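Reader: I am new to this structure. Please choose one part and take me through it closely.

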Amino acid sequence: MRSFEKLTSLKDYIPLKKREAGGKTIGLLVDGPNMLRKEFSLNLDIVRKIVADFGDMRVGKVLLNQYASDKLIEAIVNQGFTPVVVAGDTDVYMAVEGMELIYNPNIDVVALMTRDADFLPIINKAKENGKETIVIGVEPGFSAALQNSADHAIVLKAETKGKSDQATREENAY
């Protein structure tokens with residue numbers, strides 16, 4: 001009986017991070033080949049901070065093709081994301097992952113980091129199923145249709161030499 005009492009008192013010593021009342025859980029998918037390009041110099045830490053304004057990120061996956069370097073994969077892991085290396089085109093795999101987020105009852109917000117309008121059906125399906133939606137992208141080439149369909153659109157500014165990272169948030173008001 002004594003050992004059982006010790007086990008039940010363990011909760012007094014282990015700090016538990018409890019979900020805030022009303023806090024939302026977020027699933028974020030990053031289109032690696034489309035967004036993690038040298039010309040954009042995007043920092044995933046900035047993305048994590050921006051997403052934290054909307055809730056608690058529970059899923060953070062970066063989809064990569066087979067040409068991703070080991071250094072890129074290591075950097076993604078070090079920033080707390082899960083790298084998913086796909087043979088061939090990442091779009092189909094990202095769509096499948098997006099559908100999993102939509103039908104996951106533990107996820108309140110579906111966030112996609114891409115510029116590609118091919119993911120418009122994912123945004124629409126998420127909204128049909130009562131999920132809040134966020135799209136994160138960078139100009140040039142950030143789909144206007146994608147921005148207008150999501151509940152929140154975040155346009156990142158690519159880092160240029162001599163300037164620090166900047167992020168501009170544009171929320172659609174309907």
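Author: Start with one pair of residues: Gly 27 stands opposite Val 59 in strand 2. This is a predicted model, in which local features need pLDDT of at least 70, side-chain atom pairs count only at pLDDT 80 or more, and totals for chains, interfaces and linings use all residues. Residues are numbered from 1 along each chain as its sequence is written, and side-chain values use heavy atoms, with hydrogens and water left out.

First, the setting. The protein has seven helices and seven strands. Both are DSSP runs, numbered from the N terminus: helices are H or I with at least four residues, strands are E with at least two. Read from the N terminus, the order is α-β-α-α-β-α-β-α-β-α-β-α-β-β. The chain holds 174 residues, and 39% of them count as buried. Buried is under 20% relative accessible area, exposed is over 50%, and partly exposed is in between (1.4 Å probe, protein chains only). Now take contacts between residues at least 6 apart in sequence: 58% of these join residues at least 24 apart. A contact puts heavy atoms within 4.5 Å.

Back to the strands. Strand 1 covers residues 25–31 and strand 2 covers residues 56–65. Seven bridges join these two, and they run parallel. Pairing takes at least two DSSP bridges between two strands. Strand 2 also pairs with strand 3, residues 82–86, in the parallel sense over five bridges. One match there is Leu 63, whose bridge partner in strand 3 is Val 84. Helix 4, residues 70–78, belongs with these two strands. Strand 2, helix 4 and strand 3 make a right-handed β-α-β unit. Right-handed means that, with the strands pointing away from the viewer, the path from the first strand over the helix to the second runs clockwise.

Now the part I chose: strand 4. Strand 4 spans residues 109–113. Five of its five residues are buried, so strand 4 is largely enclosed by the rest of the structure. Look at its two faces. Val 109, Ala 111 and Met 113 lie on one side, with Val 110 and Leu 112 on the other. Both faces are covered.

Strand 4 has parallel neighbours. Five bridges tie strand 1 to strand 4. Five bridges also tie strand 4 to strand 5, residues 132–138. Follow Met 113 across. Val 30 has Met 113 as its bridge partner in strand 4. Met 113 in turn has Ile 136 as its bridge partner in strand 5.

How does the chain get from strand 4 to strand 5? Helix 6, residues 120–128, joins them in a right-handed β-α-β unit.

Helix 6 has a helical neighbour, helix 5, residues 90–102. Their axes come within 10 Å and cross at roughly 10 degrees. That makes helix 5 roughly parallel to helix 6. Axes are lines fitted to C-alpha atoms, for helices over the stretch in contact, with angles from 0 to 180 degrees between N-to-C directions. Under 35 degrees is roughly parallel, over 145 roughly antiparallel, 65 to 115 roughly perpendicular, and the rest oblique. From helix 5 come Ala 95, Gly 98, Met 99 and Ile 102; they meet Ile 122, Lys 125 and Ala 126 of helix 6. Glu 128 is also in helix 6. Glu 128 is exposed, with a relative accessible area of 60%. From Glu 128 to Ile 102 is 26 residues in sequence and 9.5 Å in space, C-alpha to C-alpha.

Next, Val 51 in helix 3, residues 44–52. Its relative accessibility is 1%, so Val 51 counts as buried. Leaving out residues up to four places away in sequence, Val 51 touches Ile 26, Leu 28, Met 57 and Ile 136. Recall that Ile 136 is the partner of Met 113. Val 51 and Ile 134 are 83 residues apart in sequence, yet 8.8 Å apart in space, C-alpha to C-alpha.

Last, the loop between strand 5 and helix 7 (144–149), where Pro 140 lies. The peptide bond from Glu 139 to Pro 140 is cis, with omega near 5 degrees. Ser 143 lies in that loop too. At 11% relative accessibility, Ser 143 counts as buried. Beyond residues up to four places away in sequence, Ser 143 touches Arg 115, Asp 116 and Ala 117.
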